[in-house]
Amino acid sequence: MIVANAGDCRAVLEKRGDWLVKGLKGSAYPLSAEPELQETSLTEDMSFLIMGCDGLWDVMSSQCAVTMGRKELMLHNDPE
């Protein structure tokens, strides 16, 4: 899986913890049109990926989103 991030978006992969993609660290500007690429091999212990922009991440931490996603999957077993 390859995830590209630009601007104020973030992707969080649930894998017994969090993997998150942020904007460029150390940049003088908080947002960048230059995407940061992260590549990871998918494994059986990865459950779901949450992709969102600041509308989600302004009100919810990565861990909170993963916890909510995990809870909903246990209740409904339906990622939609």
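Which residues are exposed on the other side of α2? The structure is a predicted model, in which local features need pLDDT of at least 70, side-chain atom pairs count only at pLDDT 80 or more, and totals for chains, interfaces and linings use all residues. Residues are numbered from 1 along each chain as its sequence is written, and side-chain values use heavy atoms, with hydrogens and water left out.

Helix α2 spans residues 62–76; helices here are DSSP runs of H or I with at least four residues, strands are runs of E with at least two, and both are numbered from the N terminus. With 15 residues, α2 reaches 21 Å from its first C-alpha to its last, close to the expected 21 Å at 1.5 Å a residue, where the expected span is 1.5 Å times one less than the number of residues.

Within α2, S62, A65 and V66 are buried, that is, under 20% relative accessible area with a 1.4 Å probe and protein chains only, whereas exposed means over 50% and partly exposed lies in between. The three buried residues lie on the same side of α2 because they cover an arc of only 100° around the axis, taken from the directions from the helix axis to the C-beta atoms. On the other side, K71, M74 and L75 are exposed.

G69, also in α2, counts as partly exposed because its relative accessibility is 22%. F48 is in contact with G69, and also with V66, R70 and L73 among others, leaving aside neighbours within four places in sequence; contact means heavy atoms within 4.5 Å. After α2 comes N77, with a positive phi near 50°.
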